[in-house]
Amino acid sequence: WEFFKACHQIFKECLEEQDNEQVSFSLRYLKEGRSYDDKQIKSFELGFFPDEDKFILLLTNAGYSKEKGKQLIEQYFLGILNINKYQKGYEETKNRITFTWFDSKGNIIGFSARKPTADDKAICRYLNNTGLSKADHLFNLTKEAEEKNIVIVEGQLDALAGTYFALPQEEMKNYHFVAISGNNISERQVA
């Protein structure tokens, strides 16, 4: 999926924008609210979900026509865009932090966008792109998990952080963390 590869790169680059207050808000959540540093955030391959006009511009810069970029964004990300537009003025209510879902072969299969808040009452803290069914996959079940013991956790940040912190520890290097991305595990995830 060339389109998903382009989106992955765009999201990661958007999270590096130093002069964007919306990006700064999301980074403050990751650094102050979750205690991650720049090295960890980069290792997690997190990104930032831009507004629609900027998203189209960045896709155009990546080689897509404006019309094709708009069509693909609407096909895969309309739900996230609409919810972000509806939440005018309140950055903590917008799904901005992106997580890239990979399959066990390293192919990108989709994205989740998360609100930069620790508020457990926040409605729809995570949203997935159209076509990504979290009940059919385990987040972070990548090729790096082969031959390792799998640790199942609830959230995507938990899976990324667990894997990151387990790697340098001799007694933990044979563990890989995956997330069910919710509080229920499906039969498909078990399989």
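**A buried serine, an open sheet and a nonpolar patch**

In this predicted model, the side chain of S112 makes a polar contact with the side chain of N128, at 2.5 Å. A further polar contact, at 3.0 Å, links the side chain of S112 to that of Q156. S112 belongs to strand β3, which spans residues 108-114. With a relative accessibility of 0%, S112 counts as buried, because the cut-off for a buried residue is under 20%. Leaving aside residues up to four places away in sequence, the neighbours that S112 touches are I97, T98, F99, W101, Y126, L127, N128, L132 and Q156.

The strand that carries S112, β3, is part of an open sheet of 4 strands, arranged in the order β1-β2-β3-β4 with antiparallel pairing. The edges are taken by β1 (47-48) and β4 (126-128); each has a single partner strand, so one side of each is left without a neighbour in the sheet. At the β1 edge, the pairing with strand β2 (residues 97-102) is antiparallel and runs over 2 bridges. Here G47 stands opposite T98 of β2, and T98 is also one of the residues touched by S112.

Turning to the surface, L141, I150, I152, I185 and V190 together make a nonpolar patch of about 420 Å². One of these residues, V190, lies in helix α7, which covers residues 187-190. V190 has a relative accessibility of 61% and therefore counts as exposed, the cut-off for that class being over 50%. Two residues thus illustrate the opposite classes: S112 is buried at 0%, whereas V190 is exposed at 61%.

Terms used: Residues numbered from 1 in each chain as written. Predicted model: local features only at pLDDT ≥ 70, side-chain atom pairs only at ≥ 80, totals over all residues. Heavy atoms only, no water. Patch = residues over 30% accessible without salt bridge, like charges linked within 9 Å, V, L, I, M, F, W, Y side chains within 5 Å. Areas by Shrake-Rupley, 256 points an atom, 1.4 Å probe, with all protein chains shown as cover. Salt bridge = Lys/Arg side-chain N within 4 Å of Asp/Glu carboxyl O. Buried < 20%, exposed > 50% of the residue type's maximum accessible area, 1.4 Å probe, protein only. Polar contact = N/O pair within 3.5 Å; in protein donor to acceptor, adjacent residues only side chain to side chain. Contact = heavy atoms within 4.5 Å. Pairing = 2+ DSSP bridges.
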